[in-house]
Amino acid sequence: MVRDTIADIITSIRNADMARKRVVRVAYTNITETFAKILLREGFLENMREHRESTQSFLVSTLRYRRYRESRKVLNLKRISRPGLRIYSNYQKIPIILGGMGVVILSTSQGIMTDQEARLKRIGGEILCYIW
């Protein structure tokens with residue numbers, strides 16, 4: 001059985017945002033830590049920390065608080081590449097989300113990074129998700 005850790009963290013964050021929860025807890029892996037660091041750097045998360053319970057580790061993240069929410073769904077995350085259908089792009093054809101307001105997260109040969117970093121380094125990779 002294949003576990004899709006990227007889909008797990010995206011779904012957890014999306015569900016917490018829709019339920020107006022501040023704290024999200026996901027299983028700790030190197031991929032989820034790198035993914036959360038990108039979300040923290042881009043301003044979608046307020047903070048994150050590792051939490052241990054006996055033999056398991058969790059990544060506890062706090063969502064950025066938005067004072068005025070008109071709609072129920074403010075944070076949009078969309079999984080693009082999945083285990084059944086991988087989507088790859090070179091650095092010239094990486095999509096621009098909302099005219100640069102959104103973020104594309106890629107998995108490259110040099111690690112997981114945003115679309116801006118990939119364009120600066122001139123490397124492409126697998127498009128993991130869009131965030132806006």
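**Thr 32, cores and salt bridges in a predicted model**

User: The side chain of Thr 32 reaches which backbone atom, and at what distance?

Analyst: This is a predicted model, in which local features need pLDDT of at least 70 and side-chain atom pairs count only at pLDDT 80 or more, while totals for chains, interfaces and linings use all residues. Residues are numbered from 1 along each chain as its sequence is written, and side-chain values use heavy atoms, without hydrogens and water. A polar contact is a pair of N or O atoms within 3.5 Å; within protein, one must be able to donate a hydrogen and the other to accept it, and residues adjacent in sequence count only if both atoms are side-chain atoms. Thr 32 reaches the backbone nitrogen of Thr 29, and the distance is 2.9 Å.

User: Is Thr 32 buried or exposed?

Analyst: Thr 32 belongs to helix H2; helices (H or I, at least four residues) and strands (E, at least two) are DSSP runs, numbered from the N terminus. Relative accessible area under 20% is called buried, over 50% exposed, and in between partly exposed (1.4 Å probe, protein chains only). Beyond four places in sequence, Thr 32 is in contact (heavy atoms within 4.5 Å) with Thr 5, Ile 9, Ala 27 and Leu 59. Its relative accessibility is 3%, so Thr 32 is buried.

User: Which element gives the most residues to the largest nonpolar core?

Analyst: A nonpolar core is a set of buried Ala, Val, Leu, Ile, Met, Phe, Trp, Tyr and Cys residues joined through side-chain atoms within 4.5 Å. The largest one has 23 residues, and those touching the most other members are Ile 10, Ile 13, Phe 35, Leu 39, Ile 105 and Ile 131. At least two residues each come from helix H1 (5–18), strand S1 (23–27), H2, strand S3 (56–63), S6 and strand S8 (125–131). The most, 5 residues, come from H1.

User: How many residues are in the second core?

Analyst: This core is separate, and its members include Ile 80, Ile 94, Ile 97 and Tyr 130. Its residue count is 10.

User: Why does the salt bridge of Glu 117 and Arg 41 tie together parts that are apart in sequence, and by how many residues?

Analyst: A salt bridge is a side-chain nitrogen of Lys or Arg within 4 Å of a carboxyl oxygen of Asp or Glu, and the structure holds 8 of them. Glu 117 and Arg 41 meet at 3.0 Å, N to O. Because Glu 117 lies in helix H3 (residues 115–121) and Arg 41 in helix H2, the parts tied together are apart in sequence by 76 residues.

User: Which residue of the salt bridge between Arg 86 and Glu 126 is buried?

Analyst: The two side chains meet at 2.9 Å, N to O. Arg 86 sits in the loop between strand S4 (77–79) and S5, and Glu 126 in strand S8, 40 residues apart. Arg 86 is partly exposed at 41%. With a relative accessible area of 10%, the buried residue is Glu 126.

User: By about how much of helix H3 are Arg 119 and Asp 115 separated?

Analyst: Their side chains form a salt bridge at 3.4 Å, N to O. Arg 119 is partly exposed at 26%, whereas Asp 115 is buried at 6%. They are 4 residues apart in helix H3, so the separation is about one helical turn.
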